[in-house]
Amino acid sequence: MCNDYRLMVELASVIEEFEHLKINIRFPEGRPNIEAREDIRITDTAPIVRSVEGDRGVGELVQRRWSWPGPSKNPVYHFRSEGRDFSSHRALILCDGFFEFTNPIEKDKKRKDKWLFQKVGEPIFAIAGIWRATEEVGEAFTMLTMAPGPDIAPYHDRQIVILERDAWMDWLDSTVSAKSLIKPLPAGSLSVEQVG
(Lines give C-alpha, C1' and ligand atoms only; values in the text may rest on other atoms or scores of the structure.)
Protein backbone atom coordinates (compact mmCIF):
# COMPACT_ATOMS: atom_id res chain seq x y z
CA MET A 1 0.00 0.00 0.00
CA CYS A 2 1.33 3.42 -0.92
CA ASN A 3 3.55 4.84 1.80
CA ASP A 4 5.76 6.88 -0.53
CA TYR A 5 4.85 9.20 -3.39
CA ARG A 6 6.45 12.04 -5.33
CA LEU A 7 5.79 15.49 -6.75
CA MET A 8 8.45 16.72 -9.17
CA VAL A 9 6.24 19.38 -10.83
CA GLU A 10 6.66 23.12 -10.17
CA LEU A 11 3.92 25.10 -8.41
CA ALA A 12 3.18 27.17 -11.53
CA SER A 13 2.38 23.99 -13.46
CA VAL A 14 0.13 22.76 -10.64
CA ILE A 15 -1.83 26.02 -10.66
CA GLU A 16 -2.12 25.85 -14.45
CA GLU A 17 -3.69 22.38 -14.21
CA PHE A 18 -6.37 23.75 -11.87
CA GLU A 19 -6.98 26.78 -14.08
CA HIS A 20 -7.71 24.43 -17.01
CA LEU A 21 -10.40 22.84 -14.84
CA LYS A 22 -11.85 26.24 -13.83
CA ILE A 23 -10.88 25.68 -10.19
CA ASN A 24 -9.72 28.86 -8.45
CA ILE A 25 -6.80 28.20 -6.11
CA ARG A 26 -6.37 30.35 -3.00
CA PHE A 27 -3.32 30.55 -0.76
CA PRO A 28 -4.66 31.30 2.74
CA GLU A 29 -1.17 30.96 4.25
CA GLY A 30 0.71 32.62 1.39
CA ARG A 31 2.11 31.05 -1.74
CA PRO A 32 4.14 28.06 -0.55
CA ASN A 33 7.63 27.24 -1.73
CA ILE A 34 7.11 23.73 -3.06
CA GLU A 35 10.33 21.92 -3.88
CA ALA A 36 10.47 19.01 -6.29
CA ARG A 37 10.56 15.85 -4.19
CA GLU A 38 11.33 12.33 -5.31
CA ASP A 39 10.06 10.81 -2.06
CA ILE A 40 7.26 12.09 0.18
CA ARG A 41 6.87 9.74 3.13
CA ILE A 42 4.51 9.31 6.06
CA THR A 43 4.75 12.25 8.53
CA ASP A 44 6.33 14.52 5.85
CA THR A 45 4.68 17.84 5.04
CA ALA A 46 3.31 18.07 1.51
CA PRO A 47 0.91 20.22 -0.55
CA ILE A 48 -2.79 19.49 -0.70
CA VAL A 49 -5.74 21.36 -2.17
CA ARG A 50 -8.58 21.30 0.31
CA SER A 51 -12.22 22.15 -0.17
CA VAL A 52 -13.74 25.48 0.81
CA GLU A 53 -17.13 24.57 2.24
CA GLY A 54 -20.00 26.23 0.38
CA ASP A 55 -17.79 27.59 -2.40
CA ARG A 56 -17.82 25.36 -5.51
CA GLY A 57 -14.91 25.77 -7.87
CA VAL A 58 -12.53 27.00 -5.18
CA GLY A 59 -9.72 25.20 -3.37
CA GLU A 60 -7.11 26.20 -0.82
CA LEU A 61 -3.54 25.09 -1.44
CA VAL A 62 -1.80 24.49 1.89
CA GLN A 63 1.01 22.29 3.15
CA ARG A 64 0.12 19.73 5.79
CA ARG A 65 1.53 16.64 7.46
CA TRP A 66 0.77 13.27 5.90
CA SER A 67 -0.88 11.23 8.68
CA TRP A 68 -2.24 11.88 12.12
CA PRO A 69 -1.75 9.67 15.19
CA GLY A 70 -4.43 7.00 15.56
CA PRO A 71 -5.79 5.62 18.85
CA SER A 72 -2.74 3.32 19.16
CA LYS A 73 -0.44 6.26 18.23
CA ASN A 74 0.43 4.62 14.89
CA PRO A 75 0.17 7.04 11.96
CA VAL A 76 -3.15 7.04 10.07
CA TYR A 77 -1.81 7.51 6.55
CA HIS A 78 -4.56 5.51 4.80
CA PHE A 79 -8.29 5.43 5.42
CA ARG A 80 -10.71 2.89 3.91
CA SER A 81 -13.34 4.48 1.71
CA GLU A 82 -15.81 1.59 1.62
CA GLY A 83 -19.13 2.30 3.28
CA ARG A 84 -18.31 5.92 4.04
CA ASP A 85 -19.49 9.19 2.57
CA PHE A 86 -17.02 11.97 3.27
CA SER A 87 -19.22 15.06 3.58
CA SER A 88 -16.55 17.53 4.73
CA HIS A 89 -12.79 18.08 5.00
CA ARG A 90 -12.01 16.66 1.57
CA ALA A 91 -8.62 17.21 -0.04
CA LEU A 92 -6.79 16.52 -3.28
CA ILE A 93 -3.32 15.14 -2.66
CA LEU A 94 -1.11 16.27 -5.53
CA CYS A 95 1.47 13.99 -7.06
CA ASP A 96 3.05 12.88 -10.30
CA GLY A 97 3.76 9.33 -9.18
CA PHE A 98 3.44 6.92 -6.28
CA PHE A 99 5.32 3.82 -5.25
CA GLU A 100 4.32 0.30 -4.33
CA PHE A 101 6.68 -2.31 -2.89
CA THR A 102 6.58 -6.04 -3.54
CA ASN A 103 8.63 -9.04 -2.53
CA PRO A 104 11.77 -9.22 -4.68
CA ILE A 105 11.61 -10.96 -8.04
CA GLU A 106 15.28 -11.97 -7.67
CA LYS A 107 15.52 -14.70 -5.02
CA ASP A 108 18.79 -13.49 -3.44
CA LYS A 109 17.73 -9.85 -3.18
CA LYS A 110 16.89 -8.77 0.38
CA ARG A 111 15.19 -5.44 -0.26
CA LYS A 112 11.68 -5.23 -1.69
CA ASP A 113 11.20 -4.24 -5.32
CA LYS A 114 10.04 -0.65 -5.76
CA TRP A 115 7.52 0.20 -8.51
CA LEU A 116 6.66 3.69 -9.76
CA PHE A 117 3.09 4.25 -10.95
CA GLN A 118 2.19 7.31 -13.05
CA LYS A 119 -1.01 8.43 -14.76
CA VAL A 120 -0.65 7.97 -18.51
CA GLY A 121 -0.65 11.30 -20.35
CA GLU A 122 -1.04 13.48 -17.25
CA PRO A 123 1.86 15.41 -15.68
CA ILE A 124 0.12 15.50 -12.29
CA PHE A 125 -2.82 13.68 -10.78
CA ALA A 126 -4.76 13.75 -7.54
CA ILE A 127 -5.32 11.20 -4.82
CA ALA A 128 -8.57 11.52 -2.87
CA GLY A 129 -7.90 12.45 0.72
CA ILE A 130 -9.40 13.90 3.85
CA TRP A 131 -7.89 16.12 6.50
CA ARG A 132 -8.55 16.78 10.15
CA ALA A 133 -7.19 18.77 13.04
CA THR A 134 -5.68 16.87 15.96
CA GLU A 135 -4.27 18.02 19.27
CA GLU A 136 -1.05 16.09 18.69
CA VAL A 137 0.03 17.35 15.26
CA GLY A 138 -2.45 20.05 14.20
CA GLU A 139 -4.01 19.67 10.76
CA ALA A 140 -2.97 16.58 8.81
CA PHE A 141 -4.20 14.58 5.82
CA THR A 142 -4.61 10.95 4.90
CA MET A 143 -5.18 9.07 1.64
CA LEU A 144 -8.35 7.14 0.93
CA THR A 145 -8.07 3.51 -0.18
CA MET A 146 -10.21 1.03 -2.07
CA ALA A 147 -10.06 -2.40 -3.70
CA PRO A 148 -7.40 -2.47 -6.43
CA GLY A 149 -8.15 -1.62 -10.03
CA PRO A 150 -6.70 -3.64 -12.92
CA ASP A 151 -3.36 -1.77 -13.06
CA ILE A 152 -2.65 -2.16 -9.32
CA ALA A 153 -4.05 -5.66 -8.66
CA PRO A 154 -0.89 -7.50 -9.83
CA TYR A 155 1.12 -5.57 -7.22
CA HIS A 156 -1.15 -5.08 -4.22
CA ASP A 157 -4.53 -6.11 -2.78
CA ARG A 158 -5.53 -2.48 -2.00
CA GLN A 159 -4.89 0.84 -3.68
CA ILE A 160 -5.18 4.56 -3.09
CA VAL A 161 -8.17 6.34 -4.64
CA ILE A 162 -7.01 8.17 -7.76
CA LEU A 163 -9.52 10.67 -9.06
CA GLU A 164 -10.07 11.31 -12.74
CA ARG A 165 -9.26 14.92 -13.64
CA ASP A 166 -12.92 15.74 -14.37
CA ALA A 167 -13.82 14.69 -10.79
CA TRP A 168 -11.48 17.13 -9.02
CA MET A 169 -14.05 19.93 -8.74
CA ASP A 170 -16.70 17.49 -7.54
CA TRP A 171 -14.34 16.08 -4.90
CA LEU A 172 -13.85 19.60 -3.54
CA ASP A 173 -17.65 20.04 -3.39
CA SER A 174 -18.98 18.20 -0.34
CA THR A 175 -22.55 18.32 -1.71
CA VAL A 176 -21.47 15.78 -4.35
CA SER A 177 -21.55 12.21 -3.02
CA ALA A 178 -18.06 10.86 -2.41
CA LYS A 179 -19.29 7.35 -3.20
CA SER A 180 -20.11 8.44 -6.76
CA LEU A 181 -16.51 9.57 -7.31
CA ILE A 182 -14.60 6.65 -5.79
CA LYS A 183 -14.08 4.04 -8.50
CA PRO A 184 -11.18 2.20 -10.12
CA LEU A 185 -9.48 3.66 -13.16
CA PRO A 186 -9.86 1.79 -16.46
CA ALA A 187 -7.10 -0.69 -17.37
CA GLY A 188 -4.12 1.05 -18.90
CA SER A 189 -4.65 4.35 -17.03
CA LEU A 190 -1.46 3.88 -15.03
CA SER A 191 2.02 3.12 -16.26
CA VAL A 192 4.38 1.15 -14.04
CA GLU A 193 8.13 0.76 -14.00
CA GLN A 194 10.52 -0.87 -11.58
CA VAL A 195 12.77 1.73 -9.95
CA GLY A 196 14.42 -0.15 -7.15
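This report covers selected residues, ring pairs, charge-ring contacts and a cavity in a predicted model.

## Two buried residues

Ile48 belongs to strand S4, which spans residues 45-51. Its relative accessibility is 0%, so Ile48 counts as buried. Setting aside residues up to four places away in sequence, Ile48 touches eight listed partners: Glu60, Leu61, Val62, Arg64, Ala91, Leu92, Ile93 and Phe141. Ala167 lies 119 residues from Ile48 along the chain. The C-alpha atoms of Ile48 and Ala167 are separated by 16 Å.

Val9 sits in a loop, between strand S1 (4-7) and helix H1 (11-20). Val9 is also classed as buried, because its relative accessibility is 15%, under the 20% cut-off. Neighbours within four places in sequence aside, Val9 is in contact with Val14, Asp96, Pro123 and Ile124. Pro123 is 114 residues from Val9 in sequence. In space, the two are 7.6 Å apart, C-alpha to C-alpha.

## Aromatic pairs

How many aromatic pairs does the structure hold? There are nine. One of them joins Trp66 and Tyr77 in an edge-to-face arrangement. The ring centres are 6.2 Å apart, with 85° between the planes. Trp66 lies in strand S5 (residues 58-66) and Tyr77 in the loop between strand S7 (75-76) and strand S8 (78-80), so the pair ties together parts 11 residues apart in sequence. Trp66 is buried, with a relative accessible area of 0%. Tyr77 is partly exposed, because its relative accessible area is 24%.

Phe117 and Tyr155 form another edge-to-face pair. Here the centre-to-centre distance is 5.3 Å, and the angle between the planes is 85°. This pair links distant parts of the chain, 38 residues apart. Phe117 is in strand S11 (residues 113-119). Tyr155 is in the loop between strand S13 (138-146) and strand S14 (159-160). Phe117 is buried at a relative accessible area of 1%, whereas Tyr155 counts as partly exposed at 22% relative accessibility.

## The ring cluster and Thr102

Ring pairs link Phe98, Trp115, Phe117, Phe125 and Tyr155 into a cluster. Thr102 makes contact with members of this cluster, Trp115 and Tyr155. Other contacts of Thr102 are Lys112 and Asp113, with residues up to four places away in sequence not counted.

Thr102 lies in strand S10 (residues 97-102). At 14% relative accessibility, Thr102 is buried. Its side chain makes a polar contact of 2.8 Å with the side chain of Trp115.

## Charges over rings

Which rings have the charged end of an arginine over them? The charged end of Arg50 sits over the ring of Trp131, 4.7 Å from the ring centre. The charged end of Arg90 sits over the ring of Trp171, and here too the distance to the ring centre is 4.7 Å.

## Lys119 and the cavity

Is Lys119 buried or exposed? Lys119 is buried, because its relative accessible area is 7%, under the 20% cut-off. Lys119 is found in strand S11. A polar contact of 3.1 Å joins its side chain to that of Glu122. Beyond its neighbours within four places in sequence, Lys119 is in contact with Phe125, Ile162, Glu164, Leu185, Ser189 and Leu190.

Leu185 and Leu190 also appear in the lining of the largest cavity. The other lining residues are Gly149, Pro150, Asp151, Ile152, Gln159 and Pro186. The volume of this cavity is about 40 Å³. Searching the whole structure finds one cavity of 30 Å³ or more.

## Positive phi values

Two loop residues are listed here for their backbone angles. Thr43 has a phi near 80°, a positive value in a residue other than glycine. Thr43 lies in the loop between strand S3 (37-41) and S4. At 41% relative accessibility, Thr43 counts as partly exposed.

His89 has a phi near 55°, again positive in a residue other than glycine. His89 is found in the loop between S8 and strand S9 (90-95). With a relative accessible area of 34%, His89 is partly exposed.

Definitions and conventions. Residues are numbered from 1 along each chain as its sequence is written. This is a predicted model: local features need pLDDT of at least 70, side-chain atom pairs count only at pLDDT 80 or more; totals for chains, interfaces and linings use all residues. Side-chain values use heavy atoms; hydrogens and water are left out. Helices (H or I, at least four residues) and strands (E, at least two) are DSSP runs, numbered from the N terminus. Buried means under 20% relative accessible area, exposed over 50%, partly exposed in between (1.4 Å probe, protein chains only). Contact means heavy atoms within 4.5 Å. Rings of Phe, Tyr and Trp (its six-membered ring) pair if their centres lie within 6.5 Å; planes under 30 degrees apart count as stacked, over 60 as edge-to-face and the rest as tilted. A charge sits over a ring if NZ of Lys or CZ of Arg is within 6 Å of the ring centre and within 35 degrees of the ring normal. A polar contact is a pair of N or O atoms within 3.5 Å; within protein, one must be able to donate a hydrogen and the other to accept it, and residues adjacent in sequence count only if both atoms are side-chain atoms. On a 1 Å grid over the protein atoms alone, a cavity is a set of points where a 1.4 Å probe fits but cannot get out, and a pocket is an open set with protein on both sides within 12 Å along at least five of seven lines; lining residues have an atom within 4 Å of a point. Grid points are joined across faces, edges and corners, and a volume is the space filled by probe spheres set on the points.
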